[in-house]
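Please open the model in a viewer and keep the sequence panel beside it. The tour proceeds by selection, one stop at a time.

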Amino acid sequence: MYVGLDIGTSMIKAALFDERGREIAERGQRARQLHAPLGWSEIDGEATWRAVCAVIGRLMEGRDPRALRGMGLTGVMLGAWLVDGRGDVLRPPILWNDARTQSLVDGLVAETPDLIAQIYGESGSTMQLGCTLPILAWLRRHEPEILDRAKWALPAKDYIRFRLTGEIATDESEGAMAPGSARDRTYSASQAARLGVSGLTHLLAPVRRGETLGGRVTRAAAEATGLPEGLPVAIGTGDTSACALGAGCYRAEQAASVLGTTCLNGVLLDAPAFGPVQGLLFILPGGLWMRTMVNVAGTTVLDWALATLCRDLAADPAPYDTMGALAAAAPAHAGGLVFVPYLSASGVIAPRIEPRARAGFMGLAPQHDRATMLRAIYEGIAHAIRDCYAQIGRPPSDIRLCGGGARSAFWSQIIADATGTVVAVPEGSQFGAKGAALCAATAIGDFADIREASAATSILHRRHEPDPRAASRFDEAHLRYRIAADAAMGPLTAMAGPPPRDGAARKPDRSHPGTD
């Protein structure tokens, strides 16, 4: 058996897999996020480690640890866990979705107007505010005493692997997204210079391939977790990369859509591709890249619908299933009603970048009822997925659909019809953890390489063929959707107010326990 550990923004999850890649068991526990100033996102580092130990302990209850062959890690990327020479966390870890660097980045762009384009030209990704290098630049300006004490600045999974093995390393996906070089699959001195942190690169962990061995479980970690001492632990990879591998994507031109809190859509490549300054280019183990576009809102649109349109379903034992049944009973294409799913305070980043874009219904008429509005919401996400793949510019041969939204056969079929592409839903639920486990299986030699591991353990649960009879109707509906989406990014953006700004940098709120 193999263990896969997934360090999420809000959840810590661990899962067991057999040699064929079948999910045997999974356990999870919420991560403890800290109360922080607006725009900041921090987590309790020591509480995260305790949660990891608890989750693994519950996963191994009643199981023989000697049956384990290896372990791999994945998790949220970027951010910074500042660690001193003794391995102690020096301040609350900063997460990927932290926006405190906004004013700093604005200042750099004012000095070098094409800075973001320069960074993209090497990394292949639009730099996020929570990337590691801009966070280091912010810390040097506002918390230099912390950096003076720091030995390492680690991403989440790499800190947890350090606690498990005592070894320091990171993977290629983190190096390239820091930002670094997508071509070289590692850090870049020129990127550090662009962001003014050339003197801080000694804090970055050595880059190694995700499907190689990163250490072995120490005696102390074995006692804390219930894992066997000496268990091999792979380097692992970032959450998106691990999810793609776990879902059975292992060759160029395959596509994966992760319909979770956000809706991430990507196509695998055997060489890095640089298009317009937009989207993200992830590094996958096995010499692969993944060009992605993201609709910021995914299943959150259903959360919103439940809270606003379907409050009467709050006591329903399966409210999301009931909402899906209501939507399925409504006419296809919602009687001309269109929902644009830009339901995020940060607007939209695909097919264009517009922080003021907002969600909304267009074409609402007196005859449209709640079921029709729900149908429009499901179809709106499907149209957004079609937009994302159009922006990538590489029509996928098929789409591996995973995430919470993939549980709905109704929604999966809509996506197949809207995109005109086969949608394959793999068996299982913890695909990030599975991708990490496959890194471990490859690292110990159970597979010749990670591509073989992903292919050999790929098991389909459902397959949805696009209905050719629906193609022309969906093309017409997509034209209506594009008109509505353009409106959401055009005159209607004035309703959303000015783009969000971080403003002046703020010190942490010391009145709350655990914020330092």
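The stops below go from the domains to their interface and then to single residues.

**Before starting.** The model is predicted; local features require pLDDT of at least 70 and side-chain atom pairs pLDDT 80 or more, while totals for chains, interfaces and linings use all residues. Residues are numbered from 1 along each chain as its sequence is written, and side-chain values use heavy atoms, with hydrogens and water left out.

**Stop 1: the two domains.** Select residues 2–238 as domain 1, then 239–426 together with 459–494 as domain 2; these bounds come from an automatic or database domain assignment. Their C-alpha centres are 28 Å apart.

For comparison, select residues 1–246, where UniProt (unreviewed entry) places "domain: Carbohydrate kinase FGGY N-terminal". This span is 36% helix and 18% strand, and its end C-alpha atoms lie 15 Å apart. Helices (H or I, at least four residues) and strands (E, at least two) are DSSP runs, numbered from the N terminus. Next select residues 256–443, annotated by UniProt (unreviewed entry) as "domain: Carbohydrate kinase FGGY C-terminal". Here helix accounts for 36% and strand for 20%, with end C-alpha atoms 24 Å apart. UniProt positions are given in the numbering used here, feature names are shortened, and such annotations may be inferred rather than shown by experiment.

**Stop 2: the interface.** Domain 1 and domain 2 bury about 1,900 Å² between them, and carbon and sulfur atoms give 63% of that area. Buried area is the accessible area (1.4 Å probe) that two parts lose on being put together, summed over both. Which three residues should be selected for the area that domain 1 buries against domain 2? Y120, T126 and R185 supply 31% of it, more than any other three residues.

The rule finds zero salt bridges across this interface, a salt bridge being a side-chain nitrogen of Lys or Arg within 4 Å of a carboxyl oxygen of Asp or Glu. It does find 15 residue pairs in polar contact (both at pLDDT 80 or more). A polar contact is a pair of N or O atoms within 3.5 Å; within protein, one must be able to donate a hydrogen and the other to accept it, and residues adjacent in sequence count only if both atoms are side-chain atoms.

On the domain 1 side, select β4 (70–75), α3 (115–123) and α7 (172–177), each of which supplies at least two residues touching domain 2. The largest share, six residues, comes from α3.

**Stop 3: a long-range salt bridge.** Select R22 and E427, whose side chains form a salt bridge (2.9 Å, N to O). R22 is in the loop between β2 (11–17) and β3 (23–30), and E427 in the loop between β18 (423–426) and α15 (431–443), so the pair ties together parts 405 residues apart in sequence.

**Stop 4: T419.** This residue lies in helix α14 (residues 409–419). The side chain of T419 reaches the backbone oxygen of I415 at 2.7 Å.

**Stop 5: backbone geometry.** Most residues other than glycine have a negative phi, and most peptide bonds are trans. Select A178 and P179, joined by a cis peptide bond with omega of about 15 degrees. Another cis peptide bond joins A350 and P351, with omega of about 10 degrees; P351 is in the loop between β15 (338–340) and β16 (360–362). Finally, select L78, a residue other than glycine whose phi is positive, near 65 degrees. L78 is in the loop between β4 and β5 (81–83).
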